[in-house]
Amino acid sequence: MDTPTLAAQQVTGMAAPRTAAPATPPLSRDERQALSRLFRQWPQMVSTERLIAPLPPLFLNLLDIDTGVAGDGRELAVLIARDASLEARLCALANLSAGAGAADRAADAASVVGSLGPVVTTSAALADLFLCWTRRWSTTPDRALPAALWQEYLVAAFCAREIAVALGEGMVSPDIAFAGGLVHDLGTLVLCAAEPGLMSRFIRTGYGHGTGLNREFVEAHSELGAATLMQCGAPAILCDVAARHHEGFSPEESALAMLVCVADHLHAQVAIRSRGQVTVPRDPPAGCFPDAGYALEDVLLAMGLQSGIDDILLRVARQGGLIRHLTPDRG
Ligand SMILES: [Fe+2]
Ligand SMILES: [Fe+2]
């Protein structure tokens, strides 16, 4: 059977696969007040959250290579070989992708690039490095939450990359788009690190969508994420994505911020096409956006993408196995 189009799914209301979970009790008055205080103190958090380490230099080095024109990937392999633990994890990923019966086992960075290709290798390396970096400073007793958030960021990153490719050369670098998808909600992770229990409750009860508390959260995680990225040495273009990914769509917005915003709405559509590799958790709910409405069709049309969105979603869904393997503590 043909995969239904995005438009058809919006008309029929076809549901994305979701993981079942028991109902979560709503936030209490005390919890809402505590969350409001947390969100309003983001400027002070910027000056006190200095324990967050700089981004790994290798993460930034990888962004300097344009994998779309990087040729044989030798420069990429040399970079990855600088980090023995990353190289080992990527070898394991390449061997997993190749399957048990593969003749050649990836044993070094060059064979990883040869096996996965430069684009997938770069995506996997960026995701791995960013995940390891966030794990150095964020812990939570809620083990399911990081996995759910991380899958959401991975789907946004893979969608952002495919949209950038579809837009064509000269618009947005696909590697920068991928990194933008990865880091755009960094502020949420910083808030989770500061108040793990409270943020777990906020996310599991649906981010307070449609309330003043959600508006406070949107400002807090956007501004805090941008400021944290700046402190940690991220390029200005990634700081801008974190700051502006909730600003909506207008000619004044950067192409990358709009692209990541679109990508951030596509999780459920990818899940539908991924044959169970990508899921949309009911609790915690997916996304800092409530659903895939939000004038998305108009935006896609303005970006010249509406006719190609199904291809983009399918390409990401086909990478569902990779997304699943890159998701920590997956079920
Ligand atoms: Fe967000
Ligand atoms: Fe998001």
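Start by selecting helix α9 and helix α15: here Ala-156, Cys-159, Ala-160, Ile-163 and Ala-164 of α9 meet Leu-259, Val-260, Val-262 and Ala-263 of α15. Two residues are in contact if their C-beta atoms, placed from the backbone, lie within 7 Å. Colour this contact by class and you will find 9 nonpolar, no polar and no charged residues. Here Ala, Val, Leu, Ile, Met, Phe, Trp, Tyr, Cys and Pro count as nonpolar, Asp, Glu, Lys and Arg as charged, and the others, Gly among them, as polar.

Before you go on, note that this is a predicted model, in which local features need pLDDT of at least 70 and side-chain atom pairs count only at pLDDT 80 or more, while totals for chains, interfaces and linings use all residues. Residues are numbered from 1 along each chain as its sequence is written, and chains are lettered from A and ligands numbered from 1 in the order in which they are written.

**The whole protein**

Zoom out to see 19 helices and 2 strands. These are DSSP runs, numbered from the N terminus: helices are H or I with at least four residues, strands E with at least two. Now colour by pLDDT, the predictor's confidence in each residue, from 0 to 100. The mean for the protein is 84, and 83% of its residues reach 70 or more. Among the elements, helix α2 (residues 29-40) has the highest mean pLDDT, 98, and helix α1 (residues 6-12) the lowest, 34. Select residues 1-14 as well: their pLDDT is below 50, and beyond near neighbours in sequence the stretch has 13 contacts in the model. Where pLDDT is low, the predicted coordinates should not be read in detail.

**Back to α9 and its partners**

Two packed helices are described by the angle between their axes and the distance between the axes. Axes are lines fitted to C-alpha atoms, for helices over the stretch in contact, and angles run from 0 to 180 degrees between N-to-C directions. Helix α9 (residues 144-167) packs against α15 at about 125°, with the axes 8 Å apart. That angle makes α9 oblique to α15; angles under 35 degrees count as roughly parallel, over 145 as roughly antiparallel, 65 to 115 as roughly perpendicular and the rest as oblique.

Next, add helix α18 (residues 309-318), whose axis lies 9 Å from that of α9 at an angle of about 135°. Which residues meet here? From α9 come Val-155, Phe-158, Cys-159, Glu-162, Ile-163 and Ala-166, and from α18 Ile-312, Arg-315 and Val-316. By class, the contact of α9 with α18 has 7 nonpolar, no polar and 2 charged residues.

**On to α14**

Select helix α14 (residues 236-244) with α15 (residues 255-263): they pack at about 55°, their axes 9 Å apart. The two are therefore oblique to each other. Show Ile-237, Asp-240, Val-241 and Arg-244 of α14 beside Leu-256, Ala-257 and Val-260 of α15 to see the contact.

**Last stops: α10 and α12**

How many residues of helix α10 (residues 174-183) are buried? The count is 10 of the 10, so α10 is largely enclosed by the rest of the structure. A residue is buried if 20 or more other C-beta atoms, placed from the backbone, lie within 10 Å of its own, exposed if 12 or fewer, and partly exposed in between.

Finish at helix α12 (residues 196-204), where Met-199, Arg-201, Phe-202, Ile-203 and Arg-204 are buried. These buried residues pack against α2, α9 and α11 (186-194). Just after α12, look for Gly-206, whose phi is positive, near 100°.
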